[in-house]
Structures are given as structure tokens and as C-alpha cells.
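Colleague: I should like a close look at a single helix of this model, with its packing partners and its place beside the ligand. Please set it in the context of the whole chain before turning to the details.

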Amino acid sequence: EKKIGIVEAWLRKHRLQFTGAIRHPFVLSIRDGSIDMASFKTWLAQDYLFVRAFVPFVASVLIKAWKESDDGSDMEVILKGMASLEDEISWFKREASKWDVPLSDVAPQQANINYCRFLEKLMGPETQYTEVITAFWAIEAVYQESFAHLLEEGSKAPPELKETCERWGNEGFGQYCQSLLKIATRRLQKASDHQIKRSELALLTVLELEVEFWNMSRVNA
Ligand code: HMH
């Protein structure tokens, strides 16, 4: 079995699911400028809760890298990503106060609860590094691909959402995603068929959960 470029092969195989996650109507509504700000506020509050739950998930990936990785530089990539979440949480708080979104009374919606439950499963000791690093890359890559599209030519994204688009669409974040992809690809090359299968399933689960997460903001518009 040829295992080189396995993630790229999966993205080709699951192209519809991937496109569904990175070209969601919510994201496209930002791009064409038709976005309803109530939807944006819902997304903002829910994503704040998600990112808070994402911190312990990334911490668990870091621990697995330390215990299971054959390459010491993995830990540095993950640590950098984890450190940037501190700034991200501050940004959510600033952005929420700008839009008068009270973060203290936000209750997680079902799609958010489901996503966080999946993260918790990945955090467990029974889930191996190869699978979690693949899921980690996928989670970051969906946001990177989604928001980078809003910075590209032809985007009519409202100026007040430019900062949001740049947060995940910027080139540095893109390079960070490439680093995660490189780690995942390296691990998958050495993985058992069982781990490969599980990692592919984790990717598909992330894509579904991301679509549900975007859907959340539209339902409450
Ligand atoms: C739902 N997926 C979701 N929120 C995020 N902030 C990211 C991915 C990227 O970290």
C-alpha cells in the first residue's frame, strides 16, 4: 500500500465533505457580504466556548507527542499552537465586547456539545498520537481554508470582519497547518492499517462536526 501523501489522497476521496466544511453557506455569506450579524454573534460566542475546550485537547496532543513521537520538533509545533490560544481567547473577549455579546451567559448549543465530546474522546489514553494529530490538523485546516478564502480576490467580506478572517486566514496560520500536516503525514507513513483507518474516520468526523458547527449560527439567525 502506498502511504505517501495519504492525507492528500483522503482529501481527494472525500472532496465533497471537505468542500462542504470549507465552503459552508455561513462562510460564503461573509464572502459575499450578505452575512447577518446575528449569525456572526452566535458563531462568535459558540466558538469562544469551543476554543476554551480546545485548549485541554491541544494539551493532550502535546502530552502524546512527548510520549509517542519519534521527532522532538513535533512538541515545538504543538506548543506554539497551544501558546497562541491564549491570545485567541483574549481576542474573542475583545471581539465579543465590541459586538455586545455577553460571553458569561452563553450556553453551548448541541453541535458545540457534540464537538467537545468528540475532543474529549480523542483526549483519552486509548486514542493514539497518529489519530489525534490527524484530527488536530483537520480542525485547524478547516478554519484556515475557510477564512483564507475570505481574504482572496473577489471577497466582499465586511471590513469589520477583516480581523476575524485574518486570524485564521493569515499566512502564518497557513504555515502552522502545513507543519501539522507534515507531522500527520509522517506518522501515517509508519502507522498500522488500523491506525490509518481510525485516522481517516477521525478526519471525516471533524468535517461533519465542522459543518454542524457552522450550521448552528444559521439556525439561530
Ligand atoms: C469549530 N473549528 C472550530 N473552531 C475553531 N476555532 C477552529 C476549528 C480552529 O481552531
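Modeller: The chain of this predicted model has 10 helices and 0 strands. Read from the N terminus, its elements run α-α-α-α-α-α-α-α-α-α. The radius of gyration is 17 Å, close to the 17 Å that the globule rule gives for 221 residues, so the chain is as compact as a globular protein of that length. Along the principal axes, its C-alpha trace spans about 50 × 35 × 30 Å.

The part examined here is helix α7, which comprises residues 129–149. Three of its helix contacts are described below, followed by the ligand.

The partner treated at the outset is helix α9, residues 171–190. The axes of α7 and α9 lie 9 Å apart and the helices pack at an angle of about 150°. Since angles over 145 degrees count as roughly antiparallel, α7 and α9 are therefore roughly antiparallel to each other. In this pairing α7 passes α9 in a left-handed crossing. On the α7 side the contact is made by Tyr129, Thr130, Ile133, Thr134, Phe136, Trp137, Glu140, Ala141, Gln144 and Ala148. From α9 come Phe173, Gly174, Cys177, Leu180, Leu181, Ile183, Ala184, Arg187 and Leu188. Sorted by class, the contact of α7 with α9 contains 13 nonpolar, 4 polar and 2 charged residues.

Helix α8, residues 162–169, is another partner; its axis and that of α7 come within 7 Å and cross at roughly 135°. These two helices are therefore oblique to each other. The crossing of α7 and α8 is left-handed. Tyr143, Gln144, Phe147 and Ala148 of α7 make this contact with Cys165, Trp168 and Gly169 of α8. Its composition is 5 nonpolar, 2 polar and no charged residues. Gln144 and Ala148 thus appear in the contact with α9 and also in the contact with α8.

A further partner is α4, which covers residues 37–68. The axes of α4 and α7 come within 10 Å and cross at roughly 140°. That angle makes α4 oblique to α7. Here α4 passes α7 in a left-handed crossing. Val61, Lys64, Ala65 and Glu68 in α4 meet Tyr129, Val132, Ile133 and Phe136 in α7. By class, the contact of α4 with α7 has 6 nonpolar, no polar and 2 charged residues. Tyr129, Ile133 and Phe136 serve in this contact and are also listed in the contact with α9.

There remains the ligand. Which residues surround the ligand? They are Asp47, Phe50, Val51, Ile139, Glu140, Val142, Tyr143, Glu210 and Phe213. The elements that give two or more residues to this shell are α4, α7 and α10 (193–219). Of the elements, α7 gives the most to the shell, with 4 residues. By class, the shell has 6 nonpolar, no polar and 3 charged residues. Two of the shell residues recur in the helix contacts: Glu140 is among those that α7 brings to α9, and Tyr143 is among those that α7 brings to α8.

Methods: Residues are numbered from 1 along each chain as its sequence is written. This is a predicted model: local features need pLDDT of at least 70, side-chain atom pairs count only at pLDDT 80 or more; totals for chains, interfaces and linings use all residues. Axes are lines fitted to C-alpha atoms, for helices over the stretch in contact, and angles run from 0 to 180 degrees between N-to-C directions. Angles under 35 degrees count as roughly parallel, over 145 as roughly antiparallel, 65 to 115 as roughly perpendicular and the rest as oblique. A crossing is left-handed if the near helix is turned anticlockwise from the far one by less than a right angle, and right-handed if clockwise. Two residues are in contact if their C-beta atoms, placed from the backbone, lie within 7 Å. Ala, Val, Leu, Ile, Met, Phe, Trp, Tyr, Cys and Pro count as nonpolar, Asp, Glu, Lys and Arg as charged, and the others, Gly among them, as polar. A residue is near a molecule or strand if its C-beta atom, placed from the backbone, lies within 6 Å of it. The radius of gyration is taken over C-alpha atoms; the globule rule is 2.2 Å times the number of residues to the power 0.38.
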